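Below is a short note on the sheet and the pockets of this structure. Please read the points alongside the coordinates.

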Amino acid sequence: DQNAARSAAALLDAARRRLQYWDISDEQIERLERTGKAEKDVTLYSPTGGWVTEKSVVAGQKIMPGDPLLAVSDLTHVWGDADIYQSDLPYVKVGTPVEITIPNWESKTFTGLVAFVSPTLDPVTRTAKARLDIDNAELLLKPEMFADARFSYPIGEALSIPEAAVMRSGEH
């Protein structure tokens, strides 16, 4: 019967669409269509690559669409927060180059740029937060690490001589 075939096709399309809404891959849907057997377990694939930095699901837990399961992060570029003293704020702007060192890796440096400077100061420390975008291609920087940041900004030209070259005459 033609109506039954149309109903079956519509039901199949609806089931396929529902699986797609749950981010079931096309390969998994094709396998279900080929075998015709329901699967008890379903593998969910992340839409992005990276490293799992947070897990909020356990084996056997019931999940619903939209429930967060894992946090996946790309750690090849990381953000850092730096405290900028009030007196240094005129020199630190978005785009200012920064060099990061980790206390126990004195010889290793990481480079980045200032991505954001907070418009407000912390009333206790009298510092503003600057968000740093840091290249981490070797994946050596980990979330929540402490580091030292050195900002590079032009201070203009001036005559500079060694202190030992100054002859003090008492008044001059």
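**Notes on the sheet and the two pockets**

1. In this predicted model, 5 strands make up an open sheet with antiparallel pairing, in the order β3-β6-β5-β4-β7. The edges are β3 and β7, each of which pairs on one side only. Ignoring direction, neighbouring strands of this sheet are turned by 40° against each other on average.

2. β5 covers residues 105-117 and runs antiparallel to β6, with 5 bridges joining the two strands. As a reference point for this pairing, Val117 stands opposite Ala130 in β6.

3. On the β4 side, 6 bridges join β4 to β5, again in the antiparallel sense. A hairpin through 2 residues connects these strands. Pro97 stands opposite Leu113 in β5.

4. β4 also pairs with β7, over 4 bridges and in the antiparallel sense. Here Thr101 is found opposite Asp148 in β7. For anyone tracing side chains along these strands, in a regular strand the side chains alternate between the two faces of the sheet.

5. Which elements each supply at least two residues of the lining of the second largest pocket? They are β3 (77-85), β4 (97-102), β6 (127-135) and β7 (148-151). β3, an edge strand of the sheet, gives the most to this lining, with 9 residues.

6. The second largest pocket has a volume of about 860 Å³. Its lining comprises 29 residues, and those nearest the centre are Gly80, Asp81, Ala82, Met145 and Ala147. By class, the lining divides into 19 nonpolar, 2 polar and 8 charged residues.

7. The largest pocket has a volume of about 1,100 Å³. It is lined by 31 residues, of which Trp22, Val42, Leu44, Ile63 and Leu69 are the closest to its centre.

8. Two helices and a strand each supply at least two residues of the lining of the largest pocket: α1 (2-21), α2 (26-35) and β2 (70-73). The lining residues of the largest pocket divide into 19 nonpolar, 6 polar and 6 charged.

9. For a docking-style comparison, the two linings can be set side by side. The largest pocket has 6 polar and 6 charged lining residues, while the second largest has 2 polar and 8 charged. The nonpolar count is 19 for the largest pocket and 19 for the second largest.

How values were computed: Residues numbered from 1 in each chain as written. Predicted model: local features only at pLDDT ≥ 70, side-chain atom pairs only at ≥ 80, totals over all residues. Heavy atoms only, no water. 1 Å grid on protein atoms, 1.4 Å probe; cavity = no way out; pocket = protein on both sides within 12 Å on 5 of 7 lines; lining within 4 Å. Points joined across faces, edges and corners; volume = space filled by probe spheres on them. Nonpolar A, V, L, I, M, F, W, Y, C, P; charged D, E, K, R; others polar. Pairing = 2+ DSSP bridges. Axes fitted to C-alpha atoms, helices over the stretch in contact; angles between N-to-C directions.
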